[in-house]
Amino acid sequence: MTNGYKTQIGLETPALRALGSGFAWGTATSAYQIEGATLEDGRGDSIWDAFARQDGKVLNGDSGRHACDHYNRWEEDLGLIKSLGVDAYRFSIAWPRVQPLGLGALNQKGLDFYDRLVDGMLARGLQPHATLYHWDLPQHLQEKGGWGVRETAEHFAVYAEAMGHLLGDRLTSLATHNEPWCAATLGHATGKFAPGFKDPQLAAQVSHHLLLSHGLALKAMRAAGVRVPMGIVLNQSSVSAASDSPADIAKARTEYCSFVRWYMDPIFRGEYPQDPGIAHYPVVQSGDMELIQAPLDFLGVNYYTRIWASASKPETPAPKLLGESDMGWEIYPDGLRALLIDINSEYALPPIYITENGMACADVVQDGSVHDQQRIDYVRMHLASVAKAREAGVDVRGYFYWSLMDNFEWEAGYSKRFGLIHVNYENQKRTLKDSAHWYRNTIAKHKEATRSGEHA
Ligand code: FCB
């Protein structure tokens, strides 16, 4: 946990050097948010298709039906990624595209798509980092109980093994899950995300089945001889108590337990954290925790903002000294440094990648440009934080900006723009924002600084 506030300076040469010469620069997306083509080539229905069809679940009735049409425009998009000068691209595989029902037959056309995509990255010198599950569960499995039942975890391991076989020899890394906290809590406790349940006990059980599926998938892939570095991507935050009052401090502890430790403790210690503020625990079968605790080759950390813990009613608002994003999320770059240092001292961790970090802005295209200075400031300050964490001894190996391009932002539909590249959804035109040019220059400067100054 962290309390207090520190201002951040810009990304100067010493900070660039602190990132180290092997630091991987990347950008990230996920299948449902960009692919579109949800009805093409035998793809099955997903829980997000079904959720978006329900009235009032997604802003403006938006859905991923067309999204950025990346399924058809992937070559153009890989060209754009390459033009950013990045080393790496993080994408996710849509389970219902490669196995429409989530069990049984695989869909050759879906497999071919990811096969081509990965080859396309390699042909352009981009390192492929794949995620197996970025929330698009096959709807057929949802109808059989979804992540509320153990069988889904077993099906996931079969799917994982098939993907490991198909792509494992060409991937730089393979993550089982993206942000299981969101899938469990937003999907099953608050109902904000698909499948839209409001049942906190179910959400606790779902979190366990997601973790179990992670363990089963690692076991299946490793037993099958898949050699790619394997890990998981967790959303994390530093937590600040609104004051030194015992109530605020207790609330901060509970938030840290339910957000960060709920996933980190099982994976790195083999147990769920105990906290008087946590009311719901899952049913755990014997042997589950051993599976979940399987060694990881890397940990992916997604960081956007901090959690502000206030127990008073009404709550004391966060100070937001650096303002907020278009999502309403406080801009708090020092939280990333503090979080990395905290988790590094609390757990025995493998190398870390910042697998997501980014900002939504109300971007507009003016004369062919998008002037998103706020996003540039956001990224610069967070990179400076990563550099500080590295100086403090945290082994962070790379940074992926979220997102490559504007896309379907879940329940907010297309109303929030996170991209380095602007997407006009009327005609699918892509426009590089100022931040994209800044990112490319920063990457070039980093390469220059680490070439000449590695031993300085
Ligand atoms: C993360 C998600 C990603 C995107 C960003 C803004 O929680 O992993 O899909 O929605 O937030």
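Where is Pro314 found? Select Pro314 and look: it is in the loop between strand S8 (307–309) and helix H13 (334–346). Keep in mind that this is a predicted model.

**Stop 1: two cis peptide bonds**

Stay at Pro314 and add Lys313 to the selection. The peptide bond from Lys313 to Pro314 is cis. Its omega is near -5 degrees.

Now select Trp402 and Ser403. The bond that runs from Trp402 to Ser403 is cis too, with omega near 10 degrees. Ser403 belongs to the loop between S10 and S11. Remember Trp402; the next stop uses it again.

**Stop 2: the ligand**

Select the ligand. Where does it sit? The ligand occupies the largest pocket. Next, show the residues around the ligand. Trp402 is one of them. Others in this shell include His134, Trp135, Glu179, Tyr304, Glu356, Glu409 and Phe418. How do the shell residues divide into nonpolar, polar and charged? The shell has 5 nonpolar, 3 polar and 3 charged residues.

Three more shell residues deserve a click: Gln33, Asn178 and Trp410.

- Gln33: one of its polar side-chain atoms is 2.7 Å from a ligand oxygen.
- Trp410: a polar atom of this side chain lies 2.9 Å from an oxygen atom of the ligand.
- Asn178: an N or O atom in the side chain is 3.0 Å from a ligand oxygen.

How much of the ligand does the protein bury? Taken alone, the ligand exposes 290 Å², and the protein buries 95% of that.

**Stop 3: an aromatic pair**

Now look at the rings. The model has 37 aromatic pairs. Select Tyr32 and Phe408 to see one of them. This pair is edge-to-face. The ring centres are 5.4 Å apart, and the planes meet at 85 degrees.

Trace the chain from each ring. Tyr32 is in helix H2 (residues 31–34). Phe408 is in the loop between strand S10 (396–402) and strand S11 (421–424). The two residues are 376 residues apart, and their pair links distant parts of the chain.

**Stop 4: an unusual backbone angle**

Finish at Ala67. Select it in the loop between helix H3 (47–53) and helix H4 (70–83). What is the phi of Ala67? It is positive, about 45 degrees, although Ala67 is not a glycine.

Methods
Residues numbered from 1 in each chain as written. Predicted model: local features only at pLDDT ≥ 70, side-chain atom pairs only at ≥ 80, totals over all residues. Heavy atoms only, no water. Near = heavy atom within 4 Å. Polar contact = N/O pair within 3.5 Å; in protein donor to acceptor, adjacent residues only side chain to side chain. Areas by Shrake-Rupley, 256 points an atom, 1.4 Å probe, with all protein chains shown as cover. 1 Å grid on protein atoms, 1.4 Å probe; cavity = no way out; pocket = protein on both sides within 12 Å on 5 of 7 lines; lining within 4 Å. Sits in = over half its atoms within 2 Å of the grid points. Nonpolar A, V, L, I, M, F, W, Y, C, P; charged D, E, K, R; others polar. Phe/Tyr/Trp six-rings, centres within 6.5 Å; stacked < 30°, edge-to-face > 60°. Helix = DSSP H or I, 4+ residues; strand = E, 2+ residues; numbered from the N terminus.
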